[in-house]
Amino acid sequence: MGRNLWDAEWEVTEPLVQQLLNLQFPHLASLPIREIGNGWDNTVYRVGDEYVFRFPRRQVAVDLLRTEARILPKLAGYITVPYAKPLFFGKESTHYPAPFLGYSYIPGKFPIGISDDARAQSAAALAKFLKNLHVFPVEVAQQEGILFDQRNLTDLAGRKERMLDFLSRFNLYITQEELDEIANYLQGITLERVEHRQVLLHGDLHFKNMLVDDSGILAGIIDWGDVNIGHPACDLSIAYSYLPPASRQAFYEIYGEVDDETKILARMIAVYIPMLLFMQAVDDKDEAIAEEAKSIIQRALAD
């Protein structure tokens, strides 16, 4: 049986976390710990009330974590929303083969099932956040080891082919009408490639890397493991995946106007990412995430 992109290479259990804290951060060892999430790359534990620790689940995540540890402190003057700041730098050992990071805890919850009104109220904050992040000096990012995008973001033709292939795995889980809507959207994309552009990106901006407060208002951006230099459409996808159509103009009025090719690519990524999240959720039998991913696709396709 083939491995999925999100399969773990290392299981990070509560006893292992306790052991690592005992050895490397003994002043934290008496605090209660509990697992609060598994992403593609990291397992996340809450430690006491003030901290969150992320442990790589796969070898590919190790360099990402090291890069994140170097760049995040440099972004303090640019990031305009709360974000997890690295405070504890764990080292690989005989007990666990990878470095790990401890951060300040940001209160909030994933924006699952929140209203369009609540989403609209975060349009300005998201636009300001990305406007400031995208002007961070690329040369400084390079000096800190940030790589240019390795995912070939600007190849729309290749992404379209992959997305059409994904649809063959969807037919057991969504209606024919929903399948047709996605397929028709993809077939309507005739642009094959956009020009490369280079800005500093969060690189993985979607609902599982965002936090909202009890009112559904943006409270923080987390998981900077995919920070890289590439096309701004990667992050601008949030205008389509997260915001209702009526809020997109207000978003661009603050962020700044972008060309039509960028908008086409941003919307495409806004459909692509929840397709991946949907497949992972089906694999994990997580109905809430699967439903959220489906609703994101519908929102991204809406004008």
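Me: Buried means under 20% relative accessible area. With that cut-off in mind, which residues of helix α4 are buried?
Reply: Keep in mind that this is a predicted model. Helix α4 covers residues 123-133. Its buried residues are Ala-123, Leu-126, Ala-127, Phe-129, Leu-130 and Leu-133.

Me: Why do those buried residues of α4 lie on the same side of the helix?
Reply: An α-helix has 3.6 residues a turn, so residues three or four places apart point the same way. In α4, the buried residues are on the same side because the arc they cover around the axis is only 160°.

Me: Let's turn to the aromatic rings. How many aromatic pairs are found, and what is the geometry of the one between Trp-10 and Tyr-96?
Reply: Searching the whole structure gives 20 aromatic pairs. For Trp-10 and Tyr-96, the ring centres are 6.1 Å apart and the planes make an angle of 75°. Planes over 60 degrees apart count as edge-to-face, so the Trp-10 and Tyr-96 pair is edge-to-face.

Me: How many residues apart are Trp-10 and Tyr-96 along the chain?
Reply: Trp-10 belongs to the segment before α1 (14-24). Tyr-96 is in the loop between β4 (86-90) and β5 (100-104). The pair therefore links distant parts of the chain, and the separation is 86 residues.

Me: Are Trp-10 and Tyr-96 buried or exposed?
Reply: The cut-off for buried is under 20% relative accessible area. By that test, Trp-10 and Tyr-96 are both buried.

Me: Which strand holds Phe-55, the residue that also pairs with Tyr-96?
Reply: Phe-55 and Tyr-96 make an edge-to-face pair, 6.0 Å centre to centre with 75° between the planes. Both residues are buried. They are 41 residues apart, with Tyr-96 in the loop between β4 and β5 and Phe-55 in strand β3.

Me: Which residues form one aromatic cluster?
Reply: The pairs just described share Tyr-96, and Tyr-96 is part of the cluster along with Trp-10 and Phe-55. The full list is Trp-10, Phe-25, Tyr-45, Tyr-51, Phe-53, Phe-55, Phe-88, Tyr-96 and Phe-100.

Me: Over which rings do the charged ends of Arg-159 and Lys-263 sit?
Reply: A charged end has to be within 6 Å of the ring centre to count. For Arg-159 the distance is 4.5 Å, and for Lys-263 it is 4.8 Å. The ring under Arg-159 belongs to Tyr-272, and the ring under Lys-263 belongs to Tyr-252.

Me: Now for the enclosed spaces. Which element gives the largest share of the lining of the largest cavity?
Reply: The largest cavity holds about 90 Å³ of space. It has 16 lining residues, and those closest to its centre are Leu-205, His-206, Phe-207, Ser-241 and Ile-296. Two or more lining residues come from each of α9 (238-241), α11 (260-284) and α12 (287-301). The largest share, 5 residues, is that of α11.

Me: Which elements give two or more residues to the lining of the second largest cavity?
Reply: This cavity has a volume of about 80 Å³. Its lining consists of Phe-170, Ile-174, Glu-178, Glu-181, Ile-182, Lys-294, Ile-297 and Gln-298. By class, 4 are nonpolar, 1 is polar and 3 are charged. The elements asked for are α7 (176-187) and α12.

Me: Which helix gives the largest share of the lining of the second largest pocket?
Reply: The second largest pocket holds about 300 Å³. Of its 14 lining residues, the closest to the centre are Leu-64, Leu-147, Gln-150, Val-227 and Asn-228. The largest share of the lining, 4 residues, comes from helix α2.

Note on methods: Residues are numbered from 1 along each chain as its sequence is written. This is a predicted model: local features need pLDDT of at least 70, side-chain atom pairs count only at pLDDT 80 or more; totals for chains, interfaces and linings use all residues. Side-chain values use heavy atoms; hydrogens and water are left out. Rings of Phe, Tyr and Trp (its six-membered ring) pair if their centres lie within 6.5 Å; planes under 30 degrees apart count as stacked, over 60 as edge-to-face and the rest as tilted. Buried means under 20% relative accessible area, exposed over 50%, partly exposed in between (1.4 Å probe, protein chains only). A charge sits over a ring if NZ of Lys or CZ of Arg is within 6 Å of the ring centre and within 35 degrees of the ring normal. On a 1 Å grid over the protein atoms alone, a cavity is a set of points where a 1.4 Å probe fits but cannot get out, and a pocket is an open set with protein on both sides within 12 Å along at least five of seven lines; lining residues have an atom within 4 Å of a point. Grid points are joined across faces, edges and corners, and a volume is the space filled by probe spheres set on the points. Ala, Val, Leu, Ile, Met, Phe, Trp, Tyr, Cys and Pro count as nonpolar, Asp, Glu, Lys and Arg as charged, and the others, Gly among them, as polar. The arc is that of the directions from the helix axis to the C-beta atoms.
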